[in-house]
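Got the model open in your viewer? Let's walk through it one selection at a time.

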Amino acid sequence: MAIELNNNIYTDGGNDTETTPVVLVHGFPVDHRMWDECAAALRDQAVKQGVKPFAIWAPDMPGAGEGPIPSDEDSGGKDADGAFPYGLDRMADAYVDLLHAAGHGKAIWVGLSMGGYLILDIQRLHPEAVAALALCDTKADADSADMRLKRVAIATDCETTGTHEPVMGFAVPSEADSTVKQSDAYCRQFETWINEQPADGIAWRERMAAGRPDLNDVLPNINVPVAVICGDKDPSSPPAVMKPVADAMTKTDVTMTVIDDCGHFSAYEHPDQVAAALLELVKRVG
């Protein structure tokens with residue numbers, strides 16, 4: 001069986017298959033709800049600017065939100081260390097299958113953090129399904145050996161104990177973090193979202209990310225419009241990490257947006273600014 005996805009539709013674009021949908025791919029360890037305000041802002045800004053209506057979707061990754069957790073077999077099998085070496089590829093196939101099942105040939109793929117890994121893999125495996133890409137707070141590198149081991153250990157802990165504690169750091173700010181991340185509202189929201197994720201689903205995503213390939217070789221071959229978006233206070237994908245990603249895409253026109261006082265979840269922290277950058281990408285596709 002193929003991997004199943006739970007799609008969440010913010011706007012259906014009038015079910016016009018001639019328009020290009022925007023597919024928002026969430027980060028770890030939350031689900032599609034991190035896009036709620038950004039999707040609403042994108043819709044509203046498009047209406048105000050007279051842009052033809054288009055669909056906006058945000059599927060839950062497997063094991064996130066209402067997304068079914070795939071079996072090891074459907075994930076392509078495990079490596080000896082417990083990582084899923086084909087999990088990302090299987091998930092990329094599922095997203096493209098979802099697009100085609102709705103009657104669309106291409107999408108504008110928007111990925112934040114772990115979502116960025118996915119859309120780069122879609123570009124690698126299914127370039128014909130890509131109208132444009134928006135890479136938000138992400139990177140193309142595979143995990144280091146140490147990080148791979150850490151992810152697998154977290155997955156095992158979540159599976160055996162049902163804990164969410166190993167990933168709760170996403171809801172805990174430091175003094176160097178953005179104003180939004182240091183707010184009580186942010187901490188409460190992300191703590192709630194993380195606790196609502198199935199522990200086995202967190203584990204699946206960790207095993208998938210641990211086994212993913214290095215995707216830097218994809219970058220020089222991209223020839224569709226690209227937006228690169230990041231926060232200046234992102235601890236893992238700051239401008240110093242994302243600028244080389246943008247520079248590596250030499251066959252296309254890349255716009256880079258750096259958002260001030262913004263951390264890793266830019267689409268949640270500053271939804272209006274991210275939506276504005278995404279709408280410019282939509283206009284470039286036409």
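A quick term before the first stop: a pocket is an open set of grid points with protein on both sides within 12 Å along at least five of seven lines, and its lining residues have an atom within 4 Å of a point. Keep in mind that this is a predicted model.

With that in hand, select Glu18, Thr19, Thr20, Val51, Lys52, Phe54, Ile108, Val282, Lys283, Val285 and Gly286: these line the second largest pocket. Its volume is about 170 Å³. Colour by class and you'll get five nonpolar, three polar and three charged residues. Which helix gives the largest share of this lining? That's α9, residues 271-285, with three residues.

Next, hop over to the largest pocket, at about 510 Å³. There are 25 residues in its lining, and to find the centre, pick Met147, Arg151, Phe170, Ser236 and His264, which lie nearest to it. By class, the lining splits into 12 nonpolar, six polar and seven charged residues. Now show α3 (114-125) and α4 (145-161) as cartoons: each supplies at least two lining residues. The largest share, four residues, is from α4.

Stay on α3 and add α2, residues 87-101. The two axes come within 9 Å and cross at roughly 80°, so α2 is roughly perpendicular to α3. For the side that α2 brings to this contact, select Leu88, Asp89, Met91, Ala92, Asp93, Tyr95 and Val96; they meet Tyr117, Leu118, Asp121, Ile122, Arg124 and Leu125 in α3. Sorted by class, the residues of this contact are nine nonpolar and four charged, with no polar ones.

What does α3 lie across? Turn on β2 (22-25), β4 (107-112) and β5 (130-136), and you'll see α3 lying across them, running at about 145° to β4.

Now bring up the whole sheet. It is open and has seven strands in the order β1-β3-β2-β4-β5-β6-β7, with mixed pairing. The edges are β1 (9-12) and β7 (254-259), each pairing on one side only. On average, neighbouring strands in this sheet are turned by 15° against each other, ignoring direction.

For the last stop, zoom in on the β1 edge. Do β1 and β3 (residues 55-57) run parallel or antiparallel? They run antiparallel, joined by three bridges. Label isoleucine 9 and then look for its bridge partner in β3, tryptophan 57.

Note on methods
Residues numbered from 1 in each chain as written. Predicted model: local features only at pLDDT ≥ 70, side-chain atom pairs only at ≥ 80, totals over all residues. Heavy atoms only, no water. 1 Å grid on protein atoms, 1.4 Å probe; cavity = no way out; pocket = protein on both sides within 12 Å on 5 of 7 lines; lining within 4 Å. Points joined across faces, edges and corners; volume = space filled by probe spheres on them. Nonpolar A, V, L, I, M, F, W, Y, C, P; charged D, E, K, R; others polar. Axes fitted to C-alpha atoms, helices over the stretch in contact; angles between N-to-C directions. Parallel < 35°, antiparallel > 145°, perpendicular 65-115°, else oblique. Contact = heavy atoms within 4.5 Å. Pairing = 2+ DSSP bridges.
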